[in-house]
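Okay, thanks for coming, everyone. I'd like to walk you through one model today, starting with a helix and then moving on to the charged pairs. Let me put it up on the screen.

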Amino acid sequence: MTKTTTYNKHNSFLTIRSNKTVDEGLIVKLIKDIYNNNKHLLSEYENQIILKAINELQEKDNHNNFCLTQNVIDEITSLDDDEILRYIFHRYRYEVFPKKKILDSYPPYLQIEPSSICNYRCVFCFMTDPSFNNKKKGHMGAMKLELFKDIIDQAEKNIEFISLASRGEPMACKDIDQMLKYCNGKFLNLKINTNASLLNEKKIHSILEGGVKTLVYSADAADKDLYAKLRVNGKLETVLKNVELFNNIKEKHYPKSKIITRVSGVKISEEQKIDDMLSLWKDLVDQVAFVEYNPWENSYDKEPNEITEPCSDLWRRMFVWWDGLINPCDVDYKSVLSPTNILKSDLKNAWTSEKYQKLRDLHLNENRKKLTPCNACHVI
């Protein structure tokens, strides 16, 4: 595995290919036209953020602020016109606020963990750590439905970007069908990451009925032997069969669905070829991507590095584990840095809490070396 000097969380795609081709200029014009016709309906704060976004999109040499990547363009084209301004408002907060270290009252992005249990032992994942995956250590479990509903109620109308995934496989949660049903129509972008090995007809219907906007299949190779080598306990044949089942159900029962499907792999070896992935997957999904390898499978055992730049995730996203623990990242997969539990707080107060702010201040003052596992982490 080749280590990266730093891992930029803002855009971890090494490459992403989409079946759709939409001119970026047309999207910018659409956003501007919708804004001009509806700005009187927006709050002063919304006007301020959206106008900044539009101005930055119109700048030709705009590499450090707001821009439209391929996945963002695909997401915008899947929205109704009356949803686009709200999307831009929240997307700007997600992309730009972490760069500028601006803290808002709610995290731009929320990751909820339906299950920390996984049926795979991928070679690049912390699931290979026996001090984590051992059931006796207390890290393994699935979220109760009532807790999930409470989190969703707090997030609705405050956070638009939600992922149902984190340390484990979300489809391993026995209540995932009801969880998805409860999310229907509540968020602009609800995403699920799955290895697809546990998909079945019932789960597929739940995904398509439950308001999921982006479905990401985690797969890293087009060759079955290489796949099995990287995703230990997994079989590429099973994954492909389940993805084909998803597509058949979608075509037959949900022909108007605007769900975006993506296969996304972790690039750790020269054996993994994007052309091979495209050849296998291009007719099965909307997007094919590789993300950078983030060396996190042994976060607590690595030697400290010299990185002093603050981690952008402290301003970008918040994680809620299956047991209610709130965590600033999933590199800290054993929750050393957890500021509180959702059972003792709420999303807003946890995000702006003194303990969370102390983490941010240490990073801002170039003292991430005083925190474990931040002192050996590559994420910025």
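Quick bit of vocabulary before the tour: when I say contact, I mean heavy atoms within 4.5 Å. Helices (H or I, at least four residues) and strands (E, at least two) are DSSP runs, numbered from the N terminus. And buried means under 20% relative accessible area, exposed means over 50%, and partly exposed is in between, with a 1.4 Å probe and protein chains only.

Where does this come from? It's a predicted model, so local features need pLDDT of at least 70 and side-chain atom pairs count only at pLDDT 80 or more, while totals for chains, interfaces and linings use all residues. Residues are numbered from 1 along each chain as its sequence is written, and side-chain values use heavy atoms, with hydrogens and water left out.

So, helix 1. Which of its residues are buried? Ile-27, Val-28, Ile-31, Ile-34 and Tyr-35. They cover an arc of only 130° around the axis (taken from the directions from the helix axis to the C-beta atoms), which puts them on the same side of helix 1. The general rule is that an α-helix has 3.6 residues a turn, so residues three or four places apart point the same way.

What sits over that buried side? The cover includes helix 2 (44-57), helix 3 (70-77) and helix 4 (81-95). On the face turned away, you'll find the exposed residues Leu-26, Lys-29 and Asn-37.

Helix 1 also passes a length check. The expected span is 1.5 Å times one less than the number of residues, so the 15 residues of helix 1 (residues 24-38) should span 21 Å, and the end C-alpha atoms are indeed 21 Å apart. At the N-terminal end there's a cap: a side-chain oxygen of Asp-23 lies 3.0 Å from the backbone nitrogen of Gly-25.

Helix 2 does just as well on length: its 14 residues should span 20 Å, and its end C-alpha atoms are 20 Å apart. Its buried residues are Asn-47, Ile-49, Ile-50, Ala-53, Ile-54, Glu-56 and Leu-57. Among the elements covering them are helix 1, helix 4 and helix 5 (97-100).

On to charges. A salt bridge here is a side-chain nitrogen of Lys or Arg within 4 Å of a carboxyl oxygen of Asp or Glu, and the structure holds 14 of them. I'll show you three.

First up, Lys-258 with Asp-80, where the closest N and O atoms are 3.3 Å apart. Lys-258 is in the loop between helix 11 (236-253) and strand 8 (260-267), and Asp-80 is in the loop between helix 3 and helix 4, so this pair ties together parts that are 178 residues apart in sequence. Lys-258 is partly exposed, at 45% relative accessible area, and Asp-80 is partly exposed too, at 41%.

Next, Glu-95 and Arg-91, with closest N and O atoms 2.9 Å apart. Both lie in helix 4, 4 residues apart, about one turn of the helix. Glu-95 is buried at 3% relative accessibility, and Arg-91 is buried at 9%.

The third pair is Arg-167 and Glu-113, at 2.7 Å from N to O. Arg-167 sits in the loop between strand 4 (161-164) and helix 8 (176-183), and Glu-113 in the loop between strand 2 (109-112) and strand 3 (121-122), so the pair ties together parts 54 residues apart in sequence. Both partners are buried. Elsewhere, salt bridges that share partners join Glu-75, Arg-91 and Glu-95 into one network.

Now a charged residue without a salt bridge. Arg-316, in helix 13 (residues 313-316), is buried yet has none; the nearest side chain of opposite charge (Lys and Arg count as positive, Asp and Glu as negative, with His and the chain ends not counted) is Asp-313, 4.1 Å away. What Arg-316 touches, leaving out residues up to four places away in sequence, includes Tyr-94, Glu-95 and Trp-351.

Last, some backbone oddities. The peptide bond from Thr-372 to Pro-373 is cis, with omega near 10°, and Pro-373 is in the segment after helix 15 (354-364). Lys-157 has a positive phi, near 75°, and is exposed at 70% relative accessible area. Asn-233 has a positive phi as well, near 85°, and counts as exposed at 55%.

Notes
Polar contact = N/O pair within 3.5 Å; in protein donor to acceptor, adjacent residues only side chain to side chain.
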